[in-house]
Amino acid sequence: MTAKDIGARETTAAVLVRTDGEVDEESLAYLHEKVAAAVDRPGLPPVSGEVRVRRASAHHVELPWSGRADIRVGSDLVVVQAREASARELADRLHDRLRSATERVTHWSDTTRRTAAPSPWRGGPRK
């Protein structure tokens, strides 16, 4: 069994996209494009991980598309989940959540955004 047989693809940032269920090639390509756009940006530390997309086989399911991304950005782990009615909506939702989560992780330890001293109400110097 090869990666093509199980529906796996790799983005340029070492993120593997896996599918389960009936996922057509067009939907997979769009998902691949959106995941790559979220993680292939300048200024991000090395990114690796996996995105799993599943389409429910039952016809009565209200939101048949589900996705989960477990991405390591530098030394931090980003986990994103989404459920949607269509593959395009799922790809867009995963893109938005991945982008905001990676932004949060990369700027969390950014010391240039912090003040030099604590605020006066937190015990800092009074002017």
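Biologist: What makes up the lining of the largest cavity, by nonpolar, polar and charged residues?

Modeller: In this predicted model, the lining divides into seven nonpolar residues, one polar and no charged. The residues are V23, S27, L28, L31, V53, W65, A87 and L90. Val, Leu, Trp and Ala count as nonpolar, so S27 falls among the others, as polar.

Biologist: Why is this space called a cavity?

Modeller: A 1.4 Å probe fits at its points but cannot get out, so the space is a cavity and not an open pocket. Its volume is about 40 Å³, and the count of cavities of 30 Å³ or more comes to one.

Biologist: Which helix gives the most to that lining?

Modeller: That is α1, with three residues. Both α1 (25-39) and α2 (87-108) supply at least two residues each.

Biologist: What makes the lining of the largest pocket a mix of classes?

Modeller: This lining has six nonpolar, three polar and two charged residues. Among the residues that line the pocket are E22, R55, G21, S57 and H59. Glu and Arg count as charged, and Gly is among the polar, so these classes are found there beside the nonpolar one. The volume of this pocket is about 160 Å³, and W65 is one of its lining residues. W65 also lines the largest cavity.

Biologist: How do you know how confident the predictor is?

Modeller: The mean pLDDT of the chain is 83, and 83% of its residues reach 70 or more. Over residues 1-6, pLDDT stays under 50, and the model has four contacts beyond four places in sequence for them. The scale runs from 0 to 100, so values under 50 lie in its lower half.

How values were computed
Residues numbered from 1 in each chain as written. Predicted model: local features only at pLDDT ≥ 70, side-chain atom pairs only at ≥ 80, totals over all residues. Heavy atoms only, no water. 1 Å grid on protein atoms, 1.4 Å probe; cavity = no way out; pocket = protein on both sides within 12 Å on 5 of 7 lines; lining within 4 Å. Points joined across faces, edges and corners; volume = space filled by probe spheres on them. Contact = heavy atoms within 4.5 Å. Helix = DSSP H or I, 4+ residues; strand = E, 2+ residues; numbered from the N terminus.
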